[in-house]
Amino acid sequence: MASLHPTTPKIKLQSKKEKWSQFNYGRSLFKGHVKPYDVFMAEMLSELVSKKQVIAEYGCGDGIWLEYLAQKFPEKQFIGLEWNERLVEYAKEKRVKNLENVTIHQVDITEHCVDCDFLFALGVMEHFDNATSVVKNWVDHLAPNGFALITVPNLLHTIYVYFRHKIPLEKLEGKDEMIAGAYGFEWLWSHNTFLRKVMDTGLEVLLYQIVEESSERGQLIVAFKRADKKGLPTS
Ligand SMILES: C[S@@+](CC[C@H](N)C(=O)[O-])C[C@H]1O[C@@H](n2cnc3c(N)ncnc32)[C@H](O)[C@@H]1O
């Protein structure tokens with residue numbers, strides 16, 4: 001069983017936890033009509049999980065992906081980390097109750113991380129004031145040759161940003177970063193900014209891609225922790 005490690009944030013991290021509790025639960029994968037986004041994510045996650053043994057999801061929400069992956073890969077170990085008590089309860093009761101290969105911890109992921117060889121965080125990294133510092137802690141506990149898959153919203157999808165976050169289009173022009181204020185402290189980043197923040201954690205980017213679903217317009221990175229790098233670069 002992978003153990004939970006407390007981490008020491010290098011700077012004070014902003015947190016508006018009461019806002020995170022607004023996030024909903026209960027979405028279904030592939031139900032009704034088949035959603036191209038879910039199919040794409042399911043294939044991408046499955047491919048990476050199949051290569052690894054201990055998988056951590058940071059900000060796992062209601063456990064929708066943990067349920068899907070743990071059923072598909074009963075021989076792998078899955079760990080979910082999530083602060084929102086309501087979502088953790090739902091995940092444990094409705095999603096992973098009978099799955100012995102999943103453990104979910106109700107913790108603040110700016111303060112805790114776990115040893116694993118694949119980590120993923122979908123729509124989570126942008127919640128932190130100093131996202132690079134938080135993700136660096138996660139990467140410290142990722143095994144050498146481990147993978148990370150991270151998605152965040154896409155600042156450069158201006159129409160989506162306008163309708164979801166009500167930021168006037170003229171304010172978006174030429175911006176690299178934008179604070180959108182949804183669910184607490186949510187940054188929107190341009191493609192280059194997202195890439196730089198991930199690379200600053202010491203990860204090597206293997207794949208960058210724009211992903212879309214009906215309610216999200218996101219960016220996705222698959223990255224790698226090289227075995228021949230000792231530790232992480234100091235900034
Ligand atoms: C936009 S939701 C995404 C949820 C899930 N990954 C998904 O794709 O459905 C962001 C999630 O990150 C969680 N979160 C944000 N900051 C957190 C923190 N510091 N510690 C633990 N969980 C956090 C929120 O509670 C929420 O469940």
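A residue is termed buried if 20 or more other C-beta atoms lie within 10 Å of its own, exposed if 12 or fewer do, and partly exposed in between, with C-beta atoms placed from the backbone. The structure analysed here is a predicted model, in which local features need pLDDT of at least 70 and side-chain atom pairs count only at pLDDT 80 or more, while totals for chains, interfaces and linings use all residues. Residues are numbered from 1 along each chain as its sequence is written.

The protein contains eight helices and eleven strands; helices (H or I, at least four residues) and strands (E, at least two) are DSSP runs, numbered from the N terminus. Of its 235 residues, 36% count as buried. Two residues are considered to be in contact if their C-beta atoms, placed from the backbone, lie within 7 Å. Among the contacts with a separation of 6 or more, 71% are made by residues 24 or more positions apart.

Helix α5 (residues 131-140) is mostly covered, seven of its ten residues being buried. These buried residues are A131, V134, V135, K136, N137, W138 and V139. Their cover includes the strands β2 (54-58), β5 (112-114), β6 (116-122) and β7 (142-153), together with helix α8 (191-199).

W138 of this helix also appears among the contacts of L119. When neighbours within four places in sequence are left aside, L119 is in contact with A56, Y58, W138, L142 and A148. In the largest nonpolar core, which has 56 residues, L119 and A148 touch the most other members. A nonpolar core is here a set of buried Ala, Val, Leu, Ile, Met, Phe, Trp, Tyr and Cys residues joined through C-beta atoms within 7 Å.

A second region of packing involves helix α2 (residues 36-50) and helix α3 (residues 64-72), which pack at an angle of about 50° with their axes 11 Å apart. Axes are lines fitted to C-alpha atoms, for helices over the stretch in contact, and angles run from 0 to 180 degrees between N-to-C directions. The angle therefore makes α2 oblique to α3, given that angles under 35 degrees count as roughly parallel, over 145 as roughly antiparallel, 65 to 115 as roughly perpendicular and the rest as oblique. At this contact, A42, L45, S46 and V49 in α2 meet W65, Y68, L69 and K72 in α3. By class, the contact of α2 with α3 comprises six nonpolar, one polar and one charged residues; Ala, Val, Leu, Ile, Met, Phe, Trp, Tyr, Cys and Pro count as nonpolar, Asp, Glu, Lys and Arg as charged, and the others, Gly among them, as polar. In α3, the residues I64, W65, L66, E67, L69 and A70 are buried, and they pack against α2, β2, β3 (77-82), α4 (85-95) and β4.

Individual residues in loops and strands were also examined. T110 lies in the loop between β4 (102-106) and β5, and T110 is buried because 22 other C-beta atoms lie within 10 Å. The C-alpha atoms of T110 and S133 are separated by 8.8 Å, although the two residues are 23 residues apart along the chain. N145, in strand β7, has a positive phi of about 75° although it is not a glycine. N145 counts as partly exposed because it has 13 C-beta neighbours inside 10 Å. K166, in the loop between α6 (158-165) and α7 (169-172), is likewise a residue other than glycine with a positive phi, near 60°. K166 has 10 C-beta neighbours inside 10 Å and so counts as exposed.
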